[in-house]
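Work through the exercises below with the sequence and the model open. Each task is followed by a stepwise solution.

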Amino acid sequence: MEDYSYSVPRPVIDYNAEACGNAVLCLKCVKACMDTGHNLIGFMNTNDPPVGENAPKRLEDIHHMIIFSGMINCPGCGKCIDACPKKALTLVMPEPREHASKLQRSDIVFCVTNRDGSVTIPRS
Amino acid sequence: MCKYCAEYGNGTKWYLNPQNYRDELYRAEGHENTVRMLGGAQKNTFEVGAMGQVDIMIPDTNYSDILSMALENMTAHGGQIVPLEDALKIIDLCQEPFVLMHCACRRYFGRSDVLRCLFFWPVANTAIKERPWEKDTRLLTREEAREFERECDRTGFLHSIWHAGVNSDGIPAIVMCHCTSTDCIPTKFRVSYGIMNSQRKGEYVCSVDPNECKRGCKDVPLCMKRCNFGAMRYNPVDRVLYIDPQACFGCGLCRAACPKGAIRLMDRSEFPALVDNW
């Protein structure tokens, strides 16, 4: 695991929670992403809702934030950024990088143990 | 039989063992916390939050086996696909009333809100108390719950049974969800990222009788669009459909669409190669 430094490049959407406020009141970016067919934007409660007498009576009473999931499927179309009325989202496209075959696990050699106990090393 | 049935099945499947539905288990130390969390107010923090963390958790999708190994010991929550027959048996094992709640996976990603999560009673009580903002919750009797299961099978929703954590005294089953792989968070984890512990395959595998299948719907295989896991292969020359047992999750939804009844469920243990394929 030490040399396991490769990560699949994917767009990242920088989310400004202060500018957004309570996300459940708007959800225009969620709708915009679903209209593109990718459906990668969701929303969740920022903190655990209180239990008991102070429990929220409506979904809108809970403070929500926007989450992004499965961004490996994001083409970076930017529809969500255009849809946001508060300019809370910024699209960050990934840096171009080396192929995994050049970066990844070059130290591993796949050996074969034969029936007589000897070991064949395909490349040395 | 995966490790859950071996350890908590008491000779049968873990979700058909009545010991896993007893009141003491839901209240036992170690279980009480997770049962309350997954049924109560913190449910969405756990479940939707996991979906929000997926990009950080999985930096390299080429090597999902490494992640799967890391999550093999995540025993706080998990589930398994069940076919209609077993779903009806589970309904018979549980206490009345059942509580039908909205599907968090759909609502929190902007899809239309549907009532698809069937909580069992001691857990459902927590859910009603701790989540008063969900006003569309419905109480179901046992007979209504059975009818709901049949309706899900007709319309093409998977049945899956969920537990609230593994401990030495048992594995409490808390909820039965009805979802599809496009929306369901754990099914997405399983299908897209290969995380076995998020949703295990069912105890069955579907099998097609090719002779019956040839006389059936022919060019437009009706069962194929109901498969959520891409386990069906259509051969346009012979006009017959094959099932890949390695990919089949054993949900049995395809059976309901077949006009000839050519698909049947076989026990997963009948395939020697599927002994550890969960």
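**Exercise 1.** Which residues of helix H7 (residues 84-93) of chain B are buried? Then find what they pack against.

Solution. The model is predicted.
Step 1. In H7 of chain B, the buried residues are Asp86(B), Ala87(B), Ile90(B) and Ile91(B).
Step 2. These residues span an arc of only 150 degrees around the axis, so they lie on the same side of H7(B).
Step 3. An α-helix has 3.6 residues a turn, so residues three or four places apart point the same way.
Step 4. The packing partners of the buried residues of H7(B) are strand E1 (78-82), helix H10 (142-155), strand E5 (158-163) and E6 of chain B.

**Exercise 2.** Where does the largest nonpolar core lie with respect to the domains of chain B?

Solution.
Step 1. The largest nonpolar core holds 99 residues, and those touching the most other members are Phe98(B), Phe119(B), Phe120(B), Ile174(B) and Val175(B).
Step 2. With six residues, strand E6 (residues 173-179) of chain B gives the most to this core.
Step 3. Domain 1 (3-198) and domain 2 (204-274) of chain B both give residues to the core, which therefore lies between them.
Step 4. Beyond its neighbours within four places in sequence, Val175(B) is in contact with Cys117(B), Leu118(B), Phe119(B), Phe120(B), Val123(B) and Trp162(B).

**Exercise 3.** Describe the side of chain B that touches chain A.

Solution.
Step 1. Contacts join 22 residues of chain B to 30 residues of chain A.
Step 2. Helix H4 (43-52) and helix H5 (54-57) of chain B each supply at least two residues of this side, and H4(B) gives the most, with six residues.
Step 3. By class, this side of chain B has nine nonpolar, 10 polar and three charged residues.

Technical notes:
Residues numbered from 1 in each chain as written. Chains lettered and ligands numbered in written order. Predicted model: local features only at pLDDT ≥ 70, side-chain atom pairs only at ≥ 80, totals over all residues. Core = buried A, V, L, I, M, F, W, Y, C linked by C-beta atoms within 7 Å. Buried ≥ 20, exposed ≤ 12 C-beta atoms within 10 Å, placed from the backbone. Helix = DSSP H or I, 4+ residues; strand = E, 2+ residues; numbered from the N terminus. Domains from an automatic or database assignment. Contact = placed C-beta atoms within 7 Å. Arc of directions from axis to C-beta. Nonpolar A, V, L, I, M, F, W, Y, C, P; charged D, E, K, R; others polar.
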